Every structure is written in structure tokens, then in C-alpha cells.
Amino acid sequence: MEHSPHTVSDVMTQAVVAVGQEAGFKEIVETMEKWKVSALPVLAGEGRVIGVVSEADLLPKEEFRGSVPSRLEQARRLEDVRKAGGVTARDLMSAPALTVHPGDTLAQAARTMAHKSVKRLPVVDGEGLLQGIVSRSDLLKVFLRSDEELAAEVRADVIDRLFAGAAEDVEAVVTDGVVTLRGSFAAASLLPVAARLVRAVEGVVDVTLDVTAMTPDLTEPPAAGPR
């Protein structure tokens with residue numbers, strides 16, 4: 001049985017703290033402190049995500065409290081200077097919001113977080129309505145899968161499929177998420193294929209090969225003999 005990739009809906013938090021676009025500066029700070037979060041989705045209407053307000057969006061007010069930025073600094077940090085004068089979530093939020101959908105893979109969410117340097121993403125449906133939130137720690141939950149579960153998936157999705165009908169004697173041994181493939185491989189070309197497929201199994205930390213016997217790759221031409 002082939003296992004489908006885990007999606008954002010598998011790991012996201014559905015109970016999300018959010019604020020409306022007219023929430024005041026102090027209300028935002030108090031909400032962050034109460035719920036121990038560093039960012040909040042900003043909602044409009046029936047729950048459509050229109051932005052995200054984070055601690056980084058709030059800090060300019062403190063940074064520029066006792067000083068007037070120079071013209072050069074104003075030009076270079078125009079957005080921060082603007083936010084320093086913000087009093088509501090509408091003024092302070094980063095928009096449009098970076099979001100993901102429940103059906104997106106964990107890899108897609110991880111790429112968005114890495115490329116945009118954010119720690120969490122609101123999860124929205126096709127109409128932009130808030131469904132949950134996913135954080136970096138949520139994406140790492142796949143590494144909590146047991147060694148037994150990983151071994152079973154590697155056997156079903158890689159070994160039984162890649163070596164089906166062949167005479168190979170291949171097994172997967174998993175220790176702390178590291179998969180070791182042991183056995184005999186009829187063709188050397190199958191080794192990188194097997195390793196790549198195992199690495200694609202969510203929760204696998206690394207792959208090692210322990211090949212006890214190998215026959216020559218039949219796809220390669222025989223070496224030329226003496227004339």
C-alpha cells in the first residue's frame with residue numbers, strides 16, 4: 001500500500017488566536033503575551049486572512065520612540081518608520097499574508113517558511129478563510145514517527161515495489177530514524193534509486209547502505225577481454 005505524503009492539515013493547530021483589523025496596539029501586545037505567541041493573523045469579515053501582525057511589526061514603535069530618524073534612515077526604512085506610527089492591526093500588519101492550504105505538503109510549507117524567513121503560516125481554504133496555523137515545530141512532527149512505522153513504510157513503498165519479482169534479499173533496519181538497507185542488489189544502478197526513495201519517506205533522518213553481496217550491473221557492457 002502506497003502512503004500519501006503528509007499534508008499541512010495533518011499537523012496544523014486548528015485553534016488559532018487572531019485579531020481583527022481594528023484591534024489596537026495594546027490589545028495586540030496583550031493578546032500575544034496572554035497566548036505566548038509572536039505573531040497573529042489579522043482577519044476581516046467572516047474570518048478572511050488579510051495580513052499577519054508580528055512582534056517585528058510592533059518593535060519600530062519602541063525603536064523610534066525617543067528619536068527622529070534621519071532622512072537617509074527614513075528612506076532606507078520607510079516601512080518601519082510608517083509602522084512606528086501605527087495604532088491598529090490594519091496599520092501594523094504585513095500584507096498580503098503568506099499562507100498555505102490544508103492540502104499542501106509539509107515540504108511546500110517548509111520551503112515557504114525557509115524562503116520567506118517566517119516561523120509560522122496561517123492555513124486558509126480556497127476562499128482565504130482561516131482554518132488553522134502551522135509552525136516550524138509542527139513540520140518537525142514527522143520525525144516523531146517510530147522506527148517500526150518507518151521500517152514498515154520503507155518495506156511497503158520502496159523495497160516491495162522496487163525489488164518486486166526479483167531475487168534480491170533486501171531488508172530495512174531503522175535506528176533513531178536512520179534507515180540502513182541491507183542485502184544483495186542485482187544491479188548497482190538500483191542503489192541510488194533505492195536511497196533516494198527512502199529519503200523521500202517522511203520522518204527518515206538519513207539512509208545508509210550495507211550491501212553484503214552484489215552481482216555486476218547487467219545494463220553495463222562487459223569488459224573487453226584479451227585479443
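**Figure 1. Surroundings of V205 in the predicted model.** V205 lies in a loop, with helix α10 (190-199) on one side in sequence and strand β8 (206-214) on the other. The residue counts as exposed because its relative accessibility is 51%, and the cut-off for that class is over 50%. V205 also belongs to a nonpolar surface patch, in which the other members are L140 and F143. Together, L140, F143 and V205 have about 300 Å² of accessible area.

**Figure 2. Buried and exposed residues of helix α2.** Helix α2 covers residues 25-35, and its buried residues are I28, T31 and M32. Viewed down the axis of α2, these buried residues fall within an arc of 100°, so they line one face of the helix. K26, E33 and K34 are exposed and sit on the face of α2 turned away from the buried side. After α2 comes K36, which has a positive phi, near 55°.

**Figure 3. Packing partners of the buried residues of α2.** The elements packed against by the buried residues of α2 include three strands: β1 (19-20), β2 (39-44) and β3 (48-54). Two helices, α3 (55-63) and α6 (89-92), are also among the packing partners. In this view, I28, T31 and M32 are the residues of α2 to follow, as they are the buried ones.

**Figure 4. The hairpin of β2 and β3.** Strands β2 and β3 pair in the antiparallel sense, over 6 bridges. One of the bridge partnerships joins L40 to V53, the latter in β3. The hairpin has 3 residues between its strands, and G45 takes a positive phi near 60°. In β3, 6 of the 7 residues are buried, so the strand is largely enclosed by the rest of the structure. Both β2 and β3 are also packed against by the buried residues of α2.

**Figure 5. The whole protein, as context for the close-up views.** The secondary structure consists of 10 helices and 8 strands. The protein has 227 residues, of which 36% count as buried. Among contacts with a separation of 6 or more, 58% are between residues 24 or more positions apart. The exposed area of the protein is about 13,700 Å². Carbon and sulfur atoms supply 54% of that area.

Key: Residues are numbered from 1 along each chain as its sequence is written. This is a predicted model: local features need pLDDT of at least 70, side-chain atom pairs count only at pLDDT 80 or more; totals for chains, interfaces and linings use all residues. Side-chain values use heavy atoms; hydrogens and water are left out. Patches are made of residues with over 30% relative accessible area and no salt bridge: like charges are joined within 9 Å, nonpolar side chains (Val, Leu, Ile, Met, Phe, Trp, Tyr) within 5 Å. Accessible areas come from the Shrake-Rupley method with a 1.4 Å probe; for residues, only the protein chains shown count as cover. A salt bridge is a side-chain nitrogen of Lys or Arg within 4 Å of a carboxyl oxygen of Asp or Glu. Helices (H or I, at least four residues) and strands (E, at least two) are DSSP runs, numbered from the N terminus. Buried means under 20% relative accessible area, exposed over 50%, partly exposed in between (1.4 Å probe, protein chains only). The arc is that of the directions from the helix axis to the C-beta atoms. Contact means heavy atoms within 4.5 Å. Two strands pair if DSSP finds at least two bridges between them.
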